[in-house]
Amino acid sequence: MAAAFSVRLADYRRPSDADALVRLLDAYASDPAGGGEPLSDYAKAHLVPELAARPQAFSILAFDGEQAVGLVNCIEGFSTFKCKPLVNVHDVAVLASHRGRGIAEAMLAEAERIAVERGAVKMTLEVLSGNAPAVKLYRRIGYEGYQLDPAMGTAQFFQKWI
């Protein structure tokens, strides 16, 4: 049986894609897993033009018919150890009404296809430890904690607002 949804690369110049991207990211930001606060008016107005201005950024949208129901935002980085690109999955969002249907997995597969096309050696992402469904998905599709030498432990993710 074919999936009842489709995924594709977002076109930042297409108004319907731009609207879907902002709407989906706002829904994610408003969810407890995304911090529980909606996007600012500034972010809503400037997000898509700022992404479009960065050739290292790309986004995947998922659709249930004509309705946009999922989003993955990716930013290309660089692995100094491998001297090749890497792709950081910065946001994974699926509307609550559509979770559990394989949409995030399909979007991540498309992101991986594009990462391979760009010559990336790995993909990275962050996830809150309390987001058990996301952790389960990421582990199932091959993501694992980052480490170089097991004796040194796994990496931790830090941030500092400036």
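How many residues lie between β2 and β3 in the hairpin they form? In this predicted model, the β2–β3 hairpin has two residues between its strands, and glycine 65 in the turn takes a positive phi of about 65°. The two strands run antiparallel and are joined by eight bridges. Within this pairing, alanine 57 stands opposite isoleucine 75 of β3.

A further hairpin is formed by β3 and β4, with four residues between them. Its turn contains cysteine 83, whose phi is also positive, at about 55°. The pairing of β3 with β4 is antiparallel and extends over ten bridges. Valine 72 has valine 92 of β4 as its bridge partner, and glutamate 76 is partnered by valine 87, likewise in β4.

These strands belong to an open sheet of five strands, ordered β1-β2-β3-β4-β5, in which the pairing is mixed. β1 and β5 occupy the edges and have a single partner strand each, so one side of each is left without a neighbour in the sheet. On average, and with direction ignored, neighbouring strands of the sheet are turned by 25° against each other.

Helix α3 packs on this sheet, where it touches β1, β2, β3, β4 and β5. The direction of α3 makes about 145° with that of β2. The helix comprises 15 residues, from 103 to 117. At 1.5 Å a residue a span of 21 Å is expected, and the end C-alpha atoms are 21 Å apart, which agrees. The buried residues of α3 are Ile103, Ala104, Met107, Leu108, Glu110, Ala111, Ile114 and Ala115. Seen down the helix axis, these buried residues fall within an arc of 160°, so they line one face of α3. The face turned away from the buried side carries the exposed residues Val116 and Glu117. The cover over the buried residues of α3 includes the strands β1 (6–9), β2 (57–64), β3 (67–79), β4 (84–94) and β5 (123–125), together with helix α4 (132–140). Just after α3, glycine 119 takes a positive phi of about 85°.

In soluble globular proteins, nonpolar side chains tend to be buried together. The largest nonpolar core of the model has 45 residues, of which Val72, Val89 and Tyr138 touch the most other members. Two or more residues of this core come from each of α1 (15–30), α2 (41–52), β2, β3, β4, α3, β5 and α4. With residues up to four places away in sequence not counted, valine 72 touches Phe58, Ser59, Ile60, Val89, Asp91, Val92, Met107, Leu108 and Ala111. Among these contacts of valine 72, Met107, Leu108 and Ala111 are buried residues of α3.

The loop between β4 and α3 contains histidine 98. Is this residue buried or exposed? Histidine 98 has a relative accessible area of 7% and is therefore buried, as the cut-off for burial is under 20%. Not counting residues up to four places away in sequence, histidine 98 touches Asp64, Gln67, Val69 and Ile103. One of these contacts of histidine 98, Ile103, is itself among the buried residues of α3.

Terms used. Residues are numbered from 1 along each chain as its sequence is written. This is a predicted model: local features need pLDDT of at least 70, side-chain atom pairs count only at pLDDT 80 or more; totals for chains, interfaces and linings use all residues. Side-chain values use heavy atoms; hydrogens and water are left out. The expected span of a helix is 1.5 Å times one less than its number of residues. Buried means under 20% relative accessible area, exposed over 50%, partly exposed in between (1.4 Å probe, protein chains only). The arc is that of the directions from the helix axis to the C-beta atoms. Contact means heavy atoms within 4.5 Å. Two strands pair if DSSP finds at least two bridges between them. Axes are lines fitted to C-alpha atoms, for helices over the stretch in contact, and angles run from 0 to 180 degrees between N-to-C directions. A nonpolar core is a set of buried Ala, Val, Leu, Ile, Met, Phe, Trp, Tyr and Cys residues joined through side-chain atoms within 4.5 Å.
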